[in-house]
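Let's sit down with a model and practise reading helix packing, cores and single residues. Have the viewer open as we go.

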Amino acid sequence: MQGLNRWIAFGFLIAVIVFAIYYPYKFFSTSVSLHLSGPTSWQPYWWGQNDALIPLATRLGAFSIYLPAVIATQAMLLCVIWLTVLLIRGDFFSLRSVRLLTLVGGLAAAAGLFGLVGWAVTDWYILSFNPDHAIPFKLRYDSGEMGVAFAGLGLFLLGRVLRLVMLLDHENKEII
Amino acid sequence: MHADRATRSVRLLALVFMFPVAIQGVYYTQRGLFRAYRFAFSELDRWNMHRLVDPGTQIETAPRIGYFLIWSVDVLLSTAAFGIGLFILNRLRRGRIVDDVTARALGWLGGTLAIARTFDQVFQAVNRTLITWFNVAGPMPPQWDYDPSDYKTLLLGILLYLFAGVMRQAILVERENQGFV
C-alpha cells in the first residue's frame, strides 16, 4: 500500500482505536448507571414506575440483553485494527488478511442483527415490569443497525471475492 | 477446481444478497423521504407545534422546502449506496468477479457509505438549529447526537474503500500472471 491510501489507512487506524475505546466506555457507563446503580434506578424514567423497587436479577437481565451486540461490535473493531495494521505493513494479499476481512464482515452483520433484536427485546423486557406501559414483543425497524448489517454482508462478500482472486493467482503461479 | 467452486459460491451469494439489498433500498428510501415530506409539508403542525419551537410560530414554505431538500440529500446518498451495491451484486452474479469495473464500484460503494453516514451525523446535529430557526430567541446551536451505528457503518465503509484498492492491485497481479500463462 502506497501514497494516499497508506495515509488514509493510518488515519483510519487511529479513528478505529479511538472508537474501540469510546464505544464500550459509553455503553457500560450508560448501562451501569441505568440498570445497576440501585433498585430505584428505573424510577426517574417514563417507563419506570415511580415507587417500584426492581430486584438486581431483573436489572441484570435488562443490562445483558444488548451485550451480544456490544461483544460482536468490539470483536469486529479489534479485527479491524489488526487488519488495518496488516494493510499498513503491506501484508494485505495473504490468506490471513482475507480470512480476517471475511470475519470482520460476519461480525458486523452479527452486530447489526443482535443490535436490531437487542433494542426490541430491551423495550419489551423493561416495559413488561410496568403494568401501565406493557407492550407485546415487536421488532422495530432501525435503519442504523440495518446499515451495519448490510455493510457487514458487503465486506463478507468482498472477502470471498478476494479469496477467489488469490486462488486464481495461485493456480496461474503453479502453471508458470 | 477450487477456483471453480469459489466462483460458484460467490455467484450464489451475490444472487441471494440481491433480494434483501433491493428490498431494504426501496423501503429505506420511501420511508426516509415520506418522513421528511410529512414533517415539512403534509402535516404542518408537526413543525409548528414541535416542543422546541416557540408556541404560535408559523413556519413558512421556504424553510420547509429547505428542510425537505436537506433530508432528501441524506436519504438519497444512502439510496445511491444501495444502487451501487445492487450494481456490484449483479456483476458478481453474472460472473464478472475478477474485474476492474467491479473493484472500482466497490471503492465507490465504500466512499458513498462513508459520506452518507458522515452527512447523517452532521444533519442530525444541525436538525434542531433548522427547526428552531424562527424562535424569538434565535435558533438553538447545533448539538452532536452520538449514534454508534452511524460510526460503525462509516468505519466499515472506509474499510471497504481500502480493500477495493487491494482488490484492484490483486487483479493487476493476477492479469500479469495470466499473461505468462
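What follows is a short dialogue about this predicted model.

Q: How do I read the way two helices pack, for example α5 of chain A and α5 of chain B, and at what angle do they cross?
A: Start with the distance between the axes and the angle between them. Helix α5 of chain A covers residues 143-175 and helix α5 of chain B covers residues 148-180; their axes come within 9 Å and cross at roughly 15°. Angles under 35 degrees count as roughly parallel, so α5(A) is roughly parallel to α5(B). The crossing of α5(A) past α5(B) is left-handed. As for what lies in this contact, 17 of its residues are nonpolar, nine polar and five charged.

Q: And how are α5(A) and α1(B) oriented, roughly parallel or roughly antiparallel?
A: Follow the same steps. The axes of α5(A) and α1(B) come within 10 Å, with a crossing angle of roughly 160°. Over 145 degrees counts as roughly antiparallel, and therefore this pair is roughly antiparallel. Here too α5(A) passes α1(B) in a left-handed crossing. The contact of α5(A) with α1(B) holds 18 nonpolar, five polar and three charged residues.

Q: How do I read a nonpolar core, and which residues have the most contacts inside the largest one?
A: Look for its members, then for the elements that supply them. The largest nonpolar core has 76 residues, and A:V104, B:L159 and B:F163 have the most contacts inside it. Two or more residues come from each of α1 (3-35), α3 (67-89), α4 (95-127) and α5 of chain A, and likewise from α1, α3 (61-93), α4 (100-131) and α5 of chain B. Take B:L159 as an example: beyond its neighbours within four places in sequence, this residue contacts A:F12, A:V80, A:L83, A:L101, A:V104 and A:L155.

Q: How do I judge a single residue, say A:N130: is this one buried or exposed?
A: Compare its relative accessible area with the cut-off. Buried means under 20%, so A:N130, at 3%, is buried. A:N130 sits in the loop between α4 and α5 of chain A. Leaving out residues up to four places away in sequence, A:N130 touches A:W46, A:W47, A:G48 and A:Q49.

Q: Where is B:Y37 found, and which residues does B:Y37 touch?
A: B:Y37 belongs to helix α1 of chain B, residues 2-42. Its relative accessibility is 41%, so B:Y37 counts as partly exposed. Not counting residues up to four places away in sequence, B:Y37 touches B:S42 and B:F68. For a sense of distance, the C-alpha atoms of B:Y37 and B:N48 are separated by 15 Å, with the two residues eleven apart along the chain.

Methods: Residues numbered from 1 in each chain as written. Chains lettered and ligands numbered in written order. Predicted model: local features only at pLDDT ≥ 70, side-chain atom pairs only at ≥ 80, totals over all residues. Heavy atoms only, no water. Axes fitted to C-alpha atoms, helices over the stretch in contact; angles between N-to-C directions. Helix = DSSP H or I, 4+ residues; strand = E, 2+ residues; numbered from the N terminus. Parallel < 35°, antiparallel > 145°, perpendicular 65-115°, else oblique. Left-handed = near helix turned anticlockwise from the far one by under 90°. Nonpolar A, V, L, I, M, F, W, Y, C, P; charged D, E, K, R; others polar. Buried < 20%, exposed > 50% of the residue type's maximum accessible area, 1.4 Å probe, protein only. Contact = heavy atoms within 4.5 Å. Core = buried A, V, L, I, M, F, W, Y, C linked by side-chain atoms within 4.5 Å.
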